[in-house]
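This report examines how the interior of one protein chain is assembled and which contacts link its parts. Please consult the sequence and the structure shown below while reading.

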Amino acid sequence: MLRSTRQNKGSTWKVLIMDKLTVKIMSSSCKMGDITDQGVSLVEDLYKRRQPLPSMDAIYFMQPTKQNIDIFMSNMSGKRPLYKKAYIFFSSPIQKEWVAHIRKDSSVLARVGALSEMNLEYFAIDSQGFVTDHDKALEELFTENAEGSMNYNSCINTMATRIATVFASMKEFPRVHYRVARTIDASTLTTLRDLVPTKLAASVWNCLARYKSIIPEFPQTETCELLIVDRSIDQIAPVIHEWTYDAMCHDLLSMDGNKYVQEVPNTSGSGTEKKEVLLEDHDPIWFELRDVHVADANLRLHEKMRDFISKNKAAQLHQARTNGELSTKELQKMVQALPQYTDQIDKLSLHVEIAEKLFDIIKEEHLKDVGQLEQDLVFGDAGSKEVIDFFRTHQDISRENKLRLLMIYAAINPEKIQSEKGAKLMQLAGLSADDMIAVNNMRCICAHETKKSSKGGFPLKFEIRKKKRGIRKERIGEESTWTLSRFYPILEDLIEKLSKGELPKDEYHCMSDPSSSFRGISSSMSARTSPAHQPAQSMRSRRTGGTWARPRNSDDGYSSDSVLKHASSDMRKLGRRLFIFVVGGATRSELRAVHKLSSKLKREIILGSSSLDDPPKFITKLKMMSNEELSLDDLQI
């Protein structure tokens with residue numbers, strides 16, 4: 001987009017103007033250095049008053065809304081425009097009337113250097129993940145008040161538009177699979193809430209059908225697979241303790257997105273100062289450790305320290321002066337003593353500090369004991385008696401961890417949590433009133449399918465039927481060296497079935513199948529929105545669209561350190577890309593499953609969601625679903 005505005009080598013510096021959404025899009029995929037390299041000297045907020053720069057050209061990257069177009073017109077019309085020329089790029093498709101509106105003003109039209117639909121309205125979270133930035137999806141789509149709500153349709157349509165822009169960016173046309181509404185029989189009314197994946201699939205399909213006719217070189221037959229599900233497929237994954245390095249960091253360290261605040265020695269050496277660092281793919285240590293068990297990460301870090309010291313005589317001398325101590329502080333002092341190794345030791349000391357903090361929290365909060373009970377509940381090795389005994393013998397367990405245990409218990413035993421036993425369990429755990437709301441919503445989300453389940457209660461129904469007390473089977477052949485590694489997200493099974501073409505046909509339909517019809521939506525509508533009825537034969541390996549599969553050091557301008565550009569060349573696998581979209585928030589364990597299965601299945605797998613939720617954030621969302629008056633500021637986890 002930026003490069004296209006540099007039509008000649010002598011082109012001058014430009015101003016980049018963005019709205020609140022496009023700033024976030026740009027920030028998720030580019031660094032400031034990337035933007036500057038493309039001739040941008042100044043980045044401005046569309047909504048703020050700006051200084052006139054009549055000698056400079058401007059690039060507008062914005063959503064195609066009436067407000068944005070009105071601001072643009074006021075900037076560029078009349079005798080004294082703010083800028084010499086304007087290059088306009090819309091993040092998603094623009095309505096024809098707004099284009100006509102721009103064309104009507106001859107003074108503006110003469111100053112337009114380009115007007116284009118970029119179709120770029122998603123947010124990269126790593127090289128294999130994106131979100132559509134719908135943090136309120138659970139609240140707007142699945143609460144009791146969702147029926148007939150304007151927010152419901154608006155959320156579905158905006159989400160679909162943003163998902164479609166992923167495929168526009170990557171020049172991929174997916175075969176769209178979706179979880180069907182779980183009606184029990186003809187007498188049971190299907191709710192709008194249960195139709196979310198169906199409606200979203202239809203809306204995505206409509207967007208893609210439009211792309212086929214307006215985007216040059218957009219595929220006309222299916223080139224990849226897309227599976228749309230909602231959070232009801234697995235309510236355990238968002239609350240259970242996930243023991244990988246990435247998940248533990250985001251769960252326990254109160255990080256702001258990927259930002260971690262590190263304490264480093266100040267320049268005088270007399271004290272410390274705070275420094276913000278990003279835990280992202282461009283950090284090689286993070287990239288290596290993010291999906292490994294936290295204990296394994298700790299071992300690898302100490303091996304790296306020993307390896308560095310064994311190969312460096314100056315480091316050996318420094319170690320000798322400290323009697324062999326390898327603490328975080330000593331590593332930081334080593335940075336000052338060995339400036340030529342600053343970057344290497346900096347990254348090492350950062351992750352050693354993080355690992356030390358994690359293990360301190362794990363010990364203080366008795367998380368090994370909590371985690372063992374969580375996994376025993378999930379695999380059917382523990383029940384009510386063990387939970388009661390645990391609460392009585394572990395008085396110092398935090399209220400949040402007791403809440404998470406009871407949410408898992410409620411997902412597995414919805415009938416018990418509704419009984420007097422459930423009330424006593426919550427009382428024994430010392431839960432607050434809003435904690436109980438979260439537990440009750442968990443119970444209703446995971447309600448097993450019975451004919452009574454359609455009356456009242458929370459709208460979502462848990463998909464995996466209970467066998468005894470456990471809701472997961474042990475995975476044969478995947479035993480781990482590390483304890484607390486038994487848990488896996490249901491999404492892992494679904495991806496493998498999607499890859500093999502073995503999704504259960506009674507639970508998952510496909511938009512391009514002639515049999516595809518919506519329960520509660522006319523089948524004629526389905527036929528109208530499903531132009532492709534035959535599976536496509538084109539292969540993923542023939543396509544070149546998108547940047548996620550580019551090698552790290554390619555010579556096509558994609559060699560910076562930004563997240564999207566860091567996918568390894570190893571991703572160029574045989575077979576089609578697989579896309580999975582989770583409405584209602586994805587989890588770190590699901591992102592880990594995507595990384596793992598890409599290697600195992602030799603296919604590029606990309607996870608999308610309305611948001612990426614760590615356990616505290618997900619619990620807060622569940623609490624907010626029951627009371628519209630509450631705000632995020634009112635709730636304490």
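The report covers the nonpolar cores, a buried strand, a buried polar residue, the salt bridges and one helix. The model is a predicted one.

**Nonpolar cores**

In soluble globular proteins, nonpolar side chains tend to be buried together. In this model the largest nonpolar core comprises 77 residues. Leu141, Leu200 and Ile228 have the most contacts inside this core. Helix α7, spanning residues 150-170, supplies the largest share of the core, with eleven residues. Two domains take part in the core: domain 2 (124-234 + 561-624) and domain 4 (367-445) each contribute at least three residues. Another core, of 35 residues, lies apart from the largest one. Its members include Leu21, Leu498, Ile580 and Ala586.

**Strand β8 and its partners**

Strand β8 covers residues 174-179, and six of its six residues are buried. In a regular strand the side chains alternate between the two faces of the sheet. In β8, Pro174, Val176 and Tyr178 point one way, while Arg175, His177 and Arg179 point the other way. Both sets of residues are buried.

Which strands pair with β8, and in what sense? Strand β9 (residues 224-230) pairs with β8 in the parallel sense, over five bridges. Within this pairing, Val176 stands opposite Leu226 of β9. Strand β12 (residues 508-510) runs antiparallel to β8 and is joined to β8 by three bridges. There, Cys510 of β12 is the bridge partner of His177.

**A buried glutamine**

Gln128 is located in the loop between β6 (123-126) and β7 (129-131). Its relative accessibility is 3%, so Gln128 counts as buried. What contacts does the side chain of Gln128 make? A polar contact of 2.6 Å joins this side chain to that of Ser598. The two residues are 470 residues apart in sequence, and their C-alpha atoms are 9.4 Å apart in space. A polar atom of the Gln128 side chain also lies 2.8 Å from the backbone oxygen of Ile605.

**Salt bridges**

The whole structure contains 35 salt bridges. Three of them are set out below, with the N to O distance of each pair.

| Basic residue | Acidic residue | N to O distance |
|---|---|---|
| Arg486 | Asp376 | 3.4 Å |
| Lys596 | Glu492 | 2.6 Å |
| Lys600 | Glu496 | 3.3 Å |

In the salt bridge between Asp376 and Arg486, Asp376 belongs to helix α15 (residues 367-378) and Arg486 to the loop between α20 (433-445) and α21 (490-500), so the pair ties together parts that are 110 residues apart in sequence. Asp376 is buried because its relative accessible area, 17%, falls under the 20% limit. Arg486, with a relative accessible area of 27%, is partly exposed.

The salt bridge between Lys596 and Glu492 links helix α23 (residues 588-601), which holds Lys596, with helix α21, which holds Glu492. These two residues are 104 residues apart. Is each partner buried or partly exposed? Lys596 counts as partly exposed at 29% relative accessibility, whereas Glu492 is buried with a relative accessible area of 0%.

Lys600 and Glu496 form a further salt bridge. Lys600 lies in helix α23 and Glu496 in helix α21, so this pair ties together parts that are 104 residues apart in sequence. Lys600 is partly exposed, with a relative accessible area of 43%, and Glu496 counts as buried at 12% relative accessibility.

Salt bridges also form a network in this model, linking Asp126, Asp281, Arg290 and Asp291.

**The two sides of helix α16**

Helix α16 spans residues 384-393, and its residues Ser384, Val387, Phe390 and Phe391 are buried. Why are these four residues placed on the same side of α16? They cover an arc of only 130° around the axis, and therefore lie on the same side of the helix. Lys385, Arg392 and Thr393 are exposed and are carried on the face of α16 turned away from the buried side.

Definitions and conventions: Residues are numbered from 1 along each chain as its sequence is written. This is a predicted model: local features need pLDDT of at least 70, side-chain atom pairs count only at pLDDT 80 or more; totals for chains, interfaces and linings use all residues. Side-chain values use heavy atoms; hydrogens and water are left out. A nonpolar core is a set of buried Ala, Val, Leu, Ile, Met, Phe, Trp, Tyr and Cys residues joined through side-chain atoms within 4.5 Å. Buried means under 20% relative accessible area, exposed over 50%, partly exposed in between (1.4 Å probe, protein chains only). Domain bounds come from an automatic or database domain assignment. Two strands pair if DSSP finds at least two bridges between them. A polar contact is a pair of N or O atoms within 3.5 Å; within protein, one must be able to donate a hydrogen and the other to accept it, and residues adjacent in sequence count only if both atoms are side-chain atoms. A salt bridge is a side-chain nitrogen of Lys or Arg within 4 Å of a carboxyl oxygen of Asp or Glu. The arc is that of the directions from the helix axis to the C-beta atoms.
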